[in-house]
Structures are given as C-alpha cells and as structure tokens.
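Work through these exercises with the structure at hand. Try each task before reading its solution.

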Amino acid sequence: MTFAATPQSMNFDKPLALKGGGVLNTYQLQYETYGRLNKNRDNAVLICHALNASHHVAGYYEGQAKSTGWWDNMIGPGKPVDTDRFFVIGVNNPGSCFGSTGPMHTNPQTQQVYGADFPVVTVEDWVDAQARLLDAMGITQLAAVMGGSLGGMQALSWSLQYPSRVRHAVV
C-alpha cells in the first residue's frame, strides 16, 4: 500500500557558509514528510538521498504515472520505517536538480542563472542545510538518520557533525 506524497519547500535567508569557501546567501530546500511528528518531536527519521535521487522518498504524486518514491518499499505504514510510528523527512540537497537551489536557479547577487558558477557543495554542507531545516521544524534530535551510498555518507557525517542530535545512524 502506498500513499500520495506532497512536495514542500522552505526558503532560508541566513547565509550558508560552504566548506569550499563559497556562500549561499539565500537558498531553498525542497522536501517531503510522511507520518506525524509526535508531541515530544522525538520520532523524526531523516532519509538522506544518494547522488541521483531526491527528496521524493516514498509515496506517489497524484495524477503522475510512474512517480513512486525511490525508497517506497522501505517507508510507509507497516513498512520497515513505519510512518504510523515515525515522522519521516526526505530533503533534496542544495546543488541538486530536483528543486532545491542549484545551478539552474538564479543567483540573487547577479540575477543570472548560476550555471557553472554554482559554488561547490560538500556532504558536510548538505548536513548543515538539513540541520537548518530541522531547526525550522522544531526538531532538536532525530530518532534516526538513514541513507545508502552518498546518503550513507551524509548519515555518517550527521554522527560526526551533530552527534547529540542523532540517536541512531543507519548506513
């Protein structure tokens, strides 16, 4: 059984200093959530995507054929990451082509498309951006952070960058 998913976005005006020396002065993150955040805000599971995936982790888009999320077999009611128990968050990383600020967007400084001038982003930068999204959602600690491949690198980076914010890392 799968469910309809709804993409969301959040804009950030606080500059994100990047490890490579660049800065995103303003940026947008595309994300999806599944399940409900509990009263204590301690049932959140962050799913980190691999290089060619996106924030669309589970479910499908209404009216769009072949739009099932890339980890739909893992996430949903009664599945291994049970959305009847956990509040699941999938975030599209900055620099990606799936909705978050990236090379195809307009640089607010120049009013031109970033293109090849988009700053270099690292795994650590993605984790910092994800942490800011969680801050905006009022989530101070994750029940778990999960990911495979490049998503696994992000989960490991979470455990190094924000160890007190992660109870479990599933890599």
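**Exercise 1. Find the residue of β11 that stands opposite Leu46, then place the strands around it.**

Solution. Leu46 stands opposite Val145 in β11. Bear in mind that this is a predicted model.

Step 1: look at the pairing. β5 and β11 run parallel, joined by four bridges.

Step 2: check the side chains of β11. In a regular strand, side chains alternate between the two faces of the sheet. Here Ala144 and Met146 point one way, while Val145 and Gly147 point the other way. All four of these residues are buried.

Step 3: follow the chain onward. From β11 the path goes through α2 to β12. This β-α-β crossover is right-handed.

Step 4: return to the sheet. β11 (residues 144–147) and β12 run parallel, with two bridges between them. One pair to locate is Met146 with its bridge partner Val170 in β12.

**Exercise 2. Give the strand order of the open sheet and name its edge strands.**

Solution. Step 1: read across the sheet. Six strands appear in the order β1-β4-β8-β5-β11-β12. The sheet is open and its pairing is mixed.

Step 2: go to the edges. These are β1 (8–12) and β12 (169–170). Each of the two pairs on one side only.

**Exercise 3. State which strands each of the helices α1 and α2 lies across.**

Solution. Step 1: take α1, residues 123–136. Helix α1 lies across β1, β4 (27–34), β5 (44–48) and β8 (87–91). The angle between α1 and β4 is about 65°.

Step 2: take α2, residues 150–161. Helix α2 lies across β5, β11 and β12. Against β11, helix α2 runs at about 155°.

**Exercise 4. Describe the largest nonpolar core and find the residues with the most contacts inside it.**

Solution. Step 1: recall the background. In soluble globular proteins, nonpolar side chains tend to be buried together.

Step 2: identify the centre of contacts. The largest core has 28 residues, and Ile89, Leu133 and Trp158 have the most contacts inside it.

Step 3: ask which elements contribute. At least two residues come from each of β1, β4, β5, β8, α1 and α2. The largest share is that of α1, with five residues.

Step 4: inspect one member. Leu133 touches Met10, Phe12, Leu29, Tyr31, Ile89 and Val91, leaving aside residues up to four places away in sequence.

Step 5: look for another core. One of 14 residues lies apart from the largest. Its members include Tyr34, Val57, Val81 and Phe86.

**Exercise 5. Explain why Cys48 forms no disulfide with Cys97.**

Solution. Step 1: recall the bond. A disulfide is a covalent bond between the sulfur atoms of two cysteines.

Step 2: apply the cut-off. The two sulfur atoms must be within 2.5 Å. The closest cysteine sulfur to that of Cys48 is in Cys97, 18 Å away, so the pair is too far apart for a bond.

Step 3: compare the surroundings. Cys48 is buried, with a relative accessible area of 1%. Cys97 is exposed, at 54%.

Step 4: conclude. The count of disulfides is zero.

**Exercise 6. Locate Arg41 and Ser149, and give the sign of phi in each.**

Solution. Step 1: take Arg41. Its place is the loop between β4 and β5. Phi of Arg41 is positive, near 55°, in a residue other than glycine. Arg41 is partly exposed, at 37% relative accessibility.

Step 2: take Ser149. This residue sits in the loop between β11 and α2. Phi of Ser149 is positive too, about 60°, although Ser149 is not a glycine. Ser149 counts as exposed, at 63% relative accessibility.

**Exercise 7. Describe the surroundings of Pro7.**

Solution. Step 1: place Pro7 in the segment before β1. Pro7 is partly exposed, with a relative accessible area of 37%.

Step 2: list the contacts. Pro7 touches Gln30, Tyr31, Glu32, His55 and Tyr61, not counting residues up to four places away in sequence.

Step 3: set sequence against space. Pro7 and Gly99 are 92 residues apart in sequence. Their C-alpha atoms are 9.5 Å apart in space.

Key. Residues numbered from 1 in each chain as written. Predicted model: local features only at pLDDT ≥ 70, side-chain atom pairs only at ≥ 80, totals over all residues. Heavy atoms only, no water. Pairing = 2+ DSSP bridges. Contact = heavy atoms within 4.5 Å. Axes fitted to C-alpha atoms, helices over the stretch in contact; angles between N-to-C directions. Core = buried A, V, L, I, M, F, W, Y, C linked by side-chain atoms within 4.5 Å. Buried < 20%, exposed > 50% of the residue type's maximum accessible area, 1.4 Å probe, protein only. Right-handed = clockwise from strand over helix to strand, strands pointing away.
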